[in-house]
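Here is a walk through one protein chain, from its core outward to its turns. Keep the coordinates open and follow each stop in turn.

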Amino acid sequence: MMKSKAVKLFLILSVFFLNIIVVGCCSNVTSSNRINATYVETYFEDDYVNGQFEVINNRIDLVTLLENDTLENYDDVFFKTKSLLVFKLVETSGGNKSEIESYKIIDKILNVYVKTKQYGDTCDMGYWWFVLELSKQEVATFDYVKIYNNGDEIMSGEKQNTLNNICYYISY
């Protein structure tokens, strides 16, 4: 009888601790892997550079960069605690849709990983603004940006904070 109670107690405690571990792991993965990004379909009339980026720290710079594609949800209140990494991406087909899969800051380099999630077969190209939300603390920890699309590096360059100095460095 004593052995039976000990086994039951062991099983109950095991299930209890397993639930705590599962709930704890799942909640950490969700909160730490959440990417706050916006994707705006557009058309680049000028000579575009795939992956061309800019770090945006205020609403005026955002409006200047995006022109007619300006996003209303990034107001002055947003920019008190956050910044944006905005970059251009051109899809080989208008039916393709890509998303920022993850980003990491390693040795003062912000590495942004974009992956195509949906493939389409159309004759036109897809032109997109990718807008990645970053905290002011994150922006202060990197000096260089590398952008990868489906595993291939499409852009690398120094972080610039003014629109007059947009990066045009391409890495092959």
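## From the core to the turns

Start at Leu85. Leaving aside neighbours within four places in sequence, Leu85 is in contact with Phe53, Glu54, Val55, Leu110, Val112, Phe130, Val131, Leu132, Leu134 and Val145. Bear in mind that this is a predicted model.

Leu85 also belongs to the largest nonpolar core, which has 20 residues. Together with Phe87, Val112, Val114 and Ile147, Leu85 touches the most other members of that core. Several strands contribute. β2 (53–56), β3 (82–91), β5, β6 (126–135), β7 and β8 each supply at least two residues. The largest share comes from β6, with four residues. Apart from this core lies another one, of 16 residues. Its members include Phe44, Val86, Tyr127 and Trp129.

Now look at the aromatic rings. The count of aromatic pairs is five. One of them joins Tyr74 and Phe78, whose ring centres are 4.7 Å apart. Their planes stand at 65°, and edge-to-face begins over 60 degrees, so this pair is edge-to-face. Tyr74 is buried, and Phe78 is buried too.

Phe87 and Phe130 make a pair of another geometry. Their ring centres are 5.2 Å apart and their planes meet at 25°. Stacked applies under 30 degrees, so the Phe87 and Phe130 pair is stacked. This pair links distant parts of the chain: Phe87 sits in strand β3 and Phe130 in strand β6, 43 residues apart. Both Phe87 and Phe130 are buried. Add Tyr39, and Tyr39, Phe87 and Phe130 form one aromatic cluster.

A charge comes into play at another ring. The charged end of Lys159 sits over the ring of Phe142, 4.8 Å from the ring centre.

Next, the sheet. Four strands form an open sheet in the order β4-β5-β7-β8, and their pairing is mixed. Why do β4 and β8 each have one side without a neighbour in the sheet? β4 and β8 stand at the edges, each with a single partner strand, so one side of each is left without a neighbour there. On average, neighbouring strands of this sheet are turned by 20° against each other, direction ignored.

Zoom in on β4 and β5. Strand β4 covers residues 97–106, and strand β5 covers residues 109–118. The two pair in the antiparallel sense over nine bridges. Trace two of the partnerships. Glu99 has Lys115 in β5 as its bridge partner. Ser102 has Tyr113 in β5 as its bridge partner.

How many residues lie between β4 and β5 in their hairpin? There are two. Asp107 is found in this loop between β4 and β5. The phi of Asp107 is near 50°, a positive value in a residue other than glycine. Is Asp107 buried or exposed? The relative accessibility of Asp107 is 70%, and the cut-off for exposed is over 50%, so Asp107 counts as exposed.

A second loop invites a look. Asn150 lies between β7 (144–149) and β8 (152–158). The phi of Asn150 is near 55°, again a positive value in a residue other than glycine. The relative accessible area of Asn150 is 37%, which falls between the 20% and 50% limits, so Asn150 is partly exposed.

How values were computed
Residues numbered from 1 in each chain as written. Predicted model: local features only at pLDDT ≥ 70, side-chain atom pairs only at ≥ 80, totals over all residues. Heavy atoms only, no water. Pairing = 2+ DSSP bridges. Buried < 20%, exposed > 50% of the residue type's maximum accessible area, 1.4 Å probe, protein only. Core = buried A, V, L, I, M, F, W, Y, C linked by side-chain atoms within 4.5 Å. Contact = heavy atoms within 4.5 Å. Axes fitted to C-alpha atoms, helices over the stretch in contact; angles between N-to-C directions. Phe/Tyr/Trp six-rings, centres within 6.5 Å; stacked < 30°, edge-to-face > 60°. Lys NZ or Arg CZ within 6 Å of the ring centre and 35° of its normal.
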